[in-house]
Every structure is written in structure tokens, then in C-alpha cells.
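Grab the coordinates and a pencil. Here are some exercises, each with a worked solution.

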Amino acid sequence: MVLFLVSRDTPLSADEAWRRLTVWERHAEVVPLTRVRVVTVPPRGAGTVFVARTGVGPVAFDDRMEVVVWRPPLDGGPGLCRLVKRGSLVVGWAEIEVIPAAGGGARVVWREELGVRGLPRAFDPVLASAGRRMFGRAVDRLLSRP
């Protein structure tokens with residue numbers, strides 16, 4: 001398991017940054033070769049389950065996730081969403097924190113503990129680097145798209 005962090009400042013309000021990051025289907029628009037399907041009915045929040053399927057044809061895997069903490073930013077306070085990965089291949093958790101900034105805008109912090117079953121620990125540095133790059137790019141793209 002590796003732990004990595006991605007932090008971004010955005011001129012968006014905390015509410016808008018939260019919206020852009022937590023509409024799960026939007027992640028398929030920014031992560032290559034990935035489709036996202038929400039399997040629980042609205043409203044969204046704690047208990048929401050979604051599956052990100054990554055790959056091409058039969059060479060693909062499912063990353064099943066459940067929202068276990070859902071605290072949108074309210075009344076100028078921070079927002080926090082925690083996901084637990086419940087798949088057979090990808091394990092760990094992710095947290096998306098949106099913190100209002102003084103004078104407007106927000107800071108987004110994406111923390112993730114990521115593991116791949118059967119992957120030797122010798123690959124941890126590569127997995128951490130790839131995770132930071134991939135999720136950093138995803139956060140940048142999600143925040144830049146209305």
C-alpha cells in the first residue's frame with residue numbers, strides 16, 4: 001500500500017469545486033480507458049457505491065468504491081468525502097477535502113492509500129508516483145471543466 005497526496009488551489013468556490021469532484025460519472029471523462037457507473041440510487045452521499053471499470057474489452061478490471069463519509073462544504077466550512085475501495089484487485093481508500101480559502105476560492109486535497117493485490121512492495125515507489133500523476137491530472141481536469 002502506498003499513500004500519496006495531491007493538493008491544488010482553485011479560484012472556484014468550495015461548493016463548485018466539491019460538485020465538480022464528486023459527480024462520479026465525470027471521472028470517466030478525465031481518466032483514460034475508464035467508465036464509471038453509479039450502482040446506488042440518488043440521493044448521493046454516504047452509502048453511495050460506484051464502479052470504475054478500466055481497460056479495453058476483456059483486459060479490464062473493476063474498482064468498486066463506497067462513499068463512507070460525506071460532508072459537503074457548508075456555511076464556509078470545509079467539505080470531506082472518504083471513499084473505500086472494495087474491489088478484488090484495487091484496495092485502499094481516498095479522501096477528497098475541499099477547504100474554502102480566505103478571499104475566495106478553495107484548496108483541494110486528495111489523499112489516497114492505494115494498493116494492488118499481488119503487486120510486490122518493490123513496486124510501491126512506482127505505484128505512488130503513477131498515482132500522484134494520474135490523480136493530479138484528474139483533479140486538474142475535473143476542476144477545469146464546468
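**Exercise 1. Leu-33 and Asp-75**

Task: Find which loop holds Leu-33, then work out what is unusual about its phi.

Solution. Step one: Leu-33 sits in the loop between H2 and S2. Keep in mind that this is a predicted model. Step two: read off phi for Leu-33, which is near 60°, a positive value in a residue other than glycine. Step three: check the cover. Leu-33 has a relative accessibility of 57%, so it counts as exposed, given that exposed means over 50%.

Now do likewise for Asp-75. Its place is the loop between S4 and S5. Phi of Asp-75 is positive too, about 50°, although the residue is not a glycine. With a relative accessible area of 87%, Asp-75 is exposed.

**Exercise 2. A peptide bond to check**

Task: Classify the peptide bond between Pro-42 and Pro-43 as cis or trans, and place Pro-43 in the fold.

Solution. Omega is about 5°, and the bond joining Pro-42 and Pro-43 is cis. As for location, Pro-43 belongs to the loop between strand S2 (34-38) and strand S3 (49-56).

**Exercise 3. Two tryptophans**

Task: How many aromatic pairs does a search of the whole structure find, and what is the geometry of Trp-18 with Trp-70?

Solution. Step one: the search turns up four aromatic pairs. Step two: for Trp-18 and Trp-70, the ring centres are 5.0 Å apart and the planes meet at 65°, so this pair is edge-to-face. The cut-off behind that step is a plane angle over 60 degrees. Step three: trace the sequence. Trp-18 is in helix H1 (residues 14-22) and Trp-70 in strand S4 (residues 59-71), so the pair ties together parts 52 residues apart in sequence. Step four: compare the cover. Trp-18 is buried, at a relative accessible area of 6%, whereas Trp-70 is partly exposed at 24%.

While you have the rings on screen, look up the aromatic cluster formed by Phe-4, Trp-110 and Phe-135.

**Exercise 4. Salt bridges**

Task: How many salt bridges does the structure hold? Then take three of them apart: Arg-19 with Glu-16, Arg-145 with Glu-29, and Lys-85 with Asp-63.

Solution. The count is 14 salt bridges.

- Arg-19 and Glu-16: the closest N and O atoms are 2.6 Å apart. Both residues are in helix H1, three residues apart, so about one helical turn separates them. Arg-19 is partly exposed at 33% relative accessible area, and Glu-16 is partly exposed at 22%.
- Arg-145 and Glu-29: this salt bridge spans 4.0 Å, N to O. Here the pair links distant parts of the chain, with Arg-145 in the segment after H3 and Glu-29 in helix H2 (residues 27-30), 116 residues apart. Arg-145 counts as partly exposed, with 34% relative accessibility.
- Lys-85 and Asp-63: the closest N and O atoms are 2.9 Å apart. Since Lys-85 lies in strand S5 (residues 79-86) and Asp-63 in strand S4, the pair ties together parts that are 22 residues apart in sequence. Lys-85 is buried at 8% relative accessibility, and Asp-63 is buried at 9%; the cut-off for buried is under 20%.

For a last step, pick out the network of salt bridges that links Arg-82, Glu-95, Glu-97 and Arg-111.

**Exercise 5. Surface patches**

Task: Which residues make the nonpolar surface patch of about 270 Å², and which ones gather in a patch of positive charge?

Solution. Start with the nonpolar patch: Leu-119, Phe-123 and Val-126 make it. Of these, Phe-123 is placed in the loop between strand S7 (106-116) and H3, and it counts as partly exposed with 43% relative accessibility.

Next, the charge. Arg-132, Arg-133, Arg-137 and Arg-141 gather in the positive patch on the surface. Arg-132 is part of helix H3 (residues 124-144) and is partly exposed, with a relative accessible area of 41%.

**Exercise 6. A contact across the chain**

Task: What distance separates the C-alpha atoms of Arg-107 and Ser-7?

Solution. First, locate Arg-107, which is in strand S7. Then take the C-alpha separation from Ser-7: 7.1 Å, for two residues 100 apart along the chain. Finally, add the cover: Arg-107 counts as partly exposed, at 38% relative accessibility.

Note on methods:
Residues are numbered from 1 along each chain as its sequence is written. This is a predicted model: local features need pLDDT of at least 70, side-chain atom pairs count only at pLDDT 80 or more; totals for chains, interfaces and linings use all residues. Side-chain values use heavy atoms; hydrogens and water are left out. Patches are made of residues with over 30% relative accessible area and no salt bridge: like charges are joined within 9 Å, nonpolar side chains (Val, Leu, Ile, Met, Phe, Trp, Tyr) within 5 Å. Accessible areas come from the Shrake-Rupley method with a 1.4 Å probe; for residues, only the protein chains shown count as cover. A salt bridge is a side-chain nitrogen of Lys or Arg within 4 Å of a carboxyl oxygen of Asp or Glu. Lys and Arg count as positive and Asp and Glu as negative; His and the chain ends are not counted. The place of a charge is taken as NZ of Lys, CZ of Arg, CG of Asp or CD of Glu. Helices (H or I, at least four residues) and strands (E, at least two) are DSSP runs, numbered from the N terminus. Buried means under 20% relative accessible area, exposed over 50%, partly exposed in between (1.4 Å probe, protein chains only). Rings of Phe, Tyr and Trp (its six-membered ring) pair if their centres lie within 6.5 Å; planes under 30 degrees apart count as stacked, over 60 as edge-to-face and the rest as tilted.
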